[in-house]
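Please look at the sequence and the structure below with the ligand in mind, and then follow the description of its surroundings.

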Amino acid sequence: MKKAIYPGSFDPVTLGHIDVIERASKLFDYLIIGVLNNRAKNPLFSVEERVSMLEKVSEALPNVEVRSFGGLTVDFAKDCGANAVVRGLRAVTDFEYELQIAQLNRVISPVIDTVFLTTNLKYAYLSSSTVKEVAAFGGDISSFVTPYVENAIHKKLAKKRDSLGTE
Ligand code: ADP
């Protein structure tokens with residue numbers, strides 16, 4: 001069985017991520033989306049919330065599972081019994097960073113390969129941080145995320161504004 005992991009922050013999941021998930025789920029027999037538990041990055045959504053949003057958007061894909069992880073990506077891949085790491089490439093700026101990480105991972109664990117999927121051009125400009133920025137300034141994010149995620153972002157931002165207002 002060809003198993004792969006797709007690790008990332010997914011804070012939150014965008015249509016660009018979903019496109020990669022759908023394509024990777026066709027390339028591999030089984031795909032495990034790994035949500036990085038990265039408190040240092042000060043995410044908008046907790047790891048549990050990010051896992052739950054990913055479960056929702058991938059529920060129609062029977063060979064896709066969502067898990068959270070901390071620590072090294074290659075260790076997570078080994079724990080999952082996967083020998084491939086899927087990453088998405090949007091632009092040359094992604095490439096430099098991704099190549100460095102892939103080479104590093106290869107030295108740490110030569111049995112695990114990184115597979116890059118180039119972005120669907122429709123989503124080449126899309127990142128979780130730009131979606132959050134547009135939403136924070138009241139912009140329309142309906143063409144960047146699913147309606148469920150859109151609603152979750154608005155709720156989260158409203159809660160954040162309320163807590164700032166009452167401080
Ligand atoms: P990380 O913090 O690990 O970069 P992200 O959630 O930002 O986590 O991204 C996870 C993966 O998805 C990365 O490989 C990233 O390049 C890829 N990705 C993000 N947005 C897109 C997109 N619009 N199209 C294709 N790949 C994307």
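In this predicted model, a nitrogen atom of the ligand lies 2.8 Å from a backbone N or O atom of Y123. Taken alone, the ligand exposes 550 Å², of which the protein buries 89%. Two further backbone contacts involve oxygen atoms of the ligand: a backbone N or O atom of G88 is 2.6 Å from one such oxygen, while a polar backbone atom of F10 is found 2.9 Å from an oxygen atom of the ligand.

From these individual contacts one can turn to the surroundings as a whole. The ligand sits in the largest pocket, and the residues that surround the ligand number 17, with Y6, S9, K41, G88 and Y123 being the closest. Sorted by class, this shell consists of six nonpolar, six polar and five charged residues. As for the secondary structure behind the shell, at least two residues come from each of the strands β1 (3-8) and β4 (84-89) and from each of the helices α1 (15-27) and α4 (92-108).

Helix α1, one of the contributors to the shell, also offers a view of the charged pairs within the protein. D19 and R23 both belong to this helix and are four residues apart, which corresponds to about one turn of the helix. The two residues form a salt bridge, in which the closest N and O atoms are separated by 2.8 Å. Across the whole structure, a search finds seven salt bridges.

Technical notes: Residues are numbered from 1 along each chain as its sequence is written. This is a predicted model: local features need pLDDT of at least 70, side-chain atom pairs count only at pLDDT 80 or more; totals for chains, interfaces and linings use all residues. Side-chain values use heavy atoms; hydrogens and water are left out. A residue is near a molecule or strand if one of its heavy atoms lies within 4 Å of it. A polar contact is a pair of N or O atoms within 3.5 Å; within protein, one must be able to donate a hydrogen and the other to accept it, and residues adjacent in sequence count only if both atoms are side-chain atoms. Accessible areas come from the Shrake-Rupley method with a 1.4 Å probe; for residues, only the protein chains shown count as cover. On a 1 Å grid over the protein atoms alone, a cavity is a set of points where a 1.4 Å probe fits but cannot get out, and a pocket is an open set with protein on both sides within 12 Å along at least five of seven lines; lining residues have an atom within 4 Å of a point. A molecule sits in a cavity or pocket if more than half of its atoms lie within 2 Å of its grid points. Ala, Val, Leu, Ile, Met, Phe, Trp, Tyr, Cys and Pro count as nonpolar, Asp, Glu, Lys and Arg as charged, and the others, Gly among them, as polar. A salt bridge is a side-chain nitrogen of Lys or Arg within 4 Å of a carboxyl oxygen of Asp or Glu.
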